[in-house]
Amino acid sequence: MSSLASSLGTCNPRKLRTQNILLQRDVTTSETSRVKILSHPQRRSSSSSSGQVLQLNENPNLLKRREAIGFGFCLGLLDVLLAPQPTQAAEGATCELTVSPSGLAFCDKVVGYGPEAVQGQLIRAHYVGKLENGKVFDSSYNRGKPLTFRVGVGEVIKGWDQGILGGDGIPPMLAGGKRTLKLPPELAYGVRGAGCRGGSCIIPPDSVLLFDVEFIGKA
């Protein structure tokens, strides 16, 4: 952003216009003094004097053309700098979920490049958990620290173990991969819900949950 701000600052149309106005004023002052000098008899030839006066008369138009070119360059630069990156657009695109026989649905937003997790292995993963209505109930990104746990041994809900290790028609996640998981209640918190206190629950009973999981790798 600092480079963008710097780039935009150097071609701000308002600033550019102001600088050109000031420049025109300086040229006007210079023109006045030079015209006064040229109005006196000169030893130089008349053709040379007329040539200098002609150049002075052309300067304001030249400045206006430069201002228009500079403004057009600013607009072009903004289009390039603010254009969305293809990778960001692809990652943010709607993901079509595939439903497995267990009821767990998944979609790979980014296929990983590293090794897959092994049952019982201590791994790290970032995640965002949402209710079916889109409300976020938990996020490791907000805490600034990934979740560390042993996968496949019941330390997390069943949908997580299956969604990361694979099985039942679901391919295993690879390190560096990002996957969306849609968990039915029986693979999440079931009829109990979670975070319940005083008659209200953060995750109500029988909730379908959505998780955006980023498998970082082994811990």
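This section describes the overall fold, the largest pocket and helix 6 of a predicted model.

The protein chain contains 6 helices and 9 strands. Of its 219 residues, 32% are buried. Contacts across the sequence were examined at separations of 6 or more positions. Among these, 67% join residues 24 or more positions apart. The accessible surface of the chain is about 14,000 Å². Carbon and sulfur atoms contribute 56% of that area.

The largest pocket has a volume of about 150 Å³. Its lining comprises Y127, F137, D138, L147, V156, I157, W160, Y189 and F211. By class, 8 of these residues are nonpolar and 1 is charged. Polar residues are absent from the lining. The charged residue is D138, because Asp counts as charged.

Helix 6 spans residues 158–165. The helix is mostly covered, with 6 of its 8 residues buried. These are G159, W160, D161, Q162, G163 and I164. W160 thus has two roles in this description: the residue is buried in helix 6, and it also lines the largest pocket.

The buried residues of helix 6 pack against four strands: strand 3 (122–131), strand 5 (147–150), strand 6 (178–183) and strand 9 (209–218). Three of these strands also supply pocket-lining residues. Y127 lies within strand 3, L147 within strand 5, and F211 within strand 9. After helix 6 comes G166. The phi angle of G166 is positive, near 90°.

Technical notes
Residues are numbered from 1 along each chain as its sequence is written. This is a predicted model: local features need pLDDT of at least 70, side-chain atom pairs count only at pLDDT 80 or more; totals for chains, interfaces and linings use all residues. Side-chain values use heavy atoms; hydrogens and water are left out. Buried means under 20% relative accessible area, exposed over 50%, partly exposed in between (1.4 Å probe, protein chains only). Contact means heavy atoms within 4.5 Å. Accessible areas come from the Shrake-Rupley method with a 1.4 Å probe; for residues, only the protein chains shown count as cover. On a 1 Å grid over the protein atoms alone, a cavity is a set of points where a 1.4 Å probe fits but cannot get out, and a pocket is an open set with protein on both sides within 12 Å along at least five of seven lines; lining residues have an atom within 4 Å of a point. Grid points are joined across faces, edges and corners, and a volume is the space filled by probe spheres set on the points.
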